[in-house]
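Let us read this protein step by step, beginning with the chain as a whole and ending with a single pair of residues. Keep the structure in view as you follow the paragraphs below.

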Amino acid sequence: MTNRPPFDLKGLDHVVLRTGDVQRLVRFYCDVLGCTFERESPQFGLTQLRAGGSLVDILDVAGPVGRKGGPAPGKRGRNMDHLCLRIAPFDKGSIQTYLIKRGVIPGKVEARFGAEGRGPSIYLNDPDGNTVELKGPVTRQGKGRRTRARRR
């Protein structure tokens, strides 16, 4: 018997954000972060946005599927810790200036570990309070041997 699953993970496919104001989040993810409209499924209350090779799904809490999850997330209750979008290039100053001009308060730029290794990243919040991490490319010091976490 093997401990490995019968498949290989290839990357983030999509993340689903529940909200009480779909258009506000669509404007933020498209106008501020550069996502593009992919499609809409009104029968589910779902709007899908393209983020490179992945999707950011915006689910209306008043829609048929969204109602099943209870009220919209807020400062006291969330259904996600954060989502991370891989970006390039990563120019700290221009990213911070860009976000501030759009009314977004950026966090501190720090080197953090991600799917490709250690590299610069910055945290910010979307209009619903969801945390978004913008992750840059791996830095020279961030390249190294990757290890697999052991399951307990």
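The chain has 152 residues, and 37% of them count as buried, a label that is given here to residues with under 20% relative accessible area. Bear in mind that the model is a predicted one, as you turn from the interior to the outside: the chain exposes about 10,400 Å², and carbon and sulfur atoms supply 52% of that area.

The next step is to look for secondary structure, which in this chain amounts to 2 helices and 8 strands. If you trace these elements in sequence order, you meet them in the pattern β-α-β-β-β-β-α-β-β-β. How much of the contact pattern comes from residues 24 or more positions apart? Among the contacts with a separation of 6 or more, such pairs account for 48%.

Now turn to the sheet that 4 strands form, an open sheet with mixed pairing, in which the order of the strands is β5-β8-β7-β6. Its edges are held by β5 (82-86) and β6 (110-114), and because each of these has a single partner strand, one side of each is left without a neighbour in the sheet. Neighbouring strands of this sheet are turned against each other by 45° on average, if direction is ignored.

Within this order you can also pick out one pairing and follow it in detail, namely that of strand β7, residues 117-125, with strand β8, residues 131-135, which is antiparallel and runs over 5 bridges. To find one place where residues face each other, look for I122, which stands opposite L134 in β8.

Terms used. Residues are numbered from 1 along each chain as its sequence is written. This is a predicted model: local features need pLDDT of at least 70, side-chain atom pairs count only at pLDDT 80 or more; totals for chains, interfaces and linings use all residues. Side-chain values use heavy atoms; hydrogens and water are left out. Buried means under 20% relative accessible area, exposed over 50%, partly exposed in between (1.4 Å probe, protein chains only). Contact means heavy atoms within 4.5 Å. Accessible areas come from the Shrake-Rupley method with a 1.4 Å probe; for residues, only the protein chains shown count as cover. Two strands pair if DSSP finds at least two bridges between them. Axes are lines fitted to C-alpha atoms, for helices over the stretch in contact, and angles run from 0 to 180 degrees between N-to-C directions.
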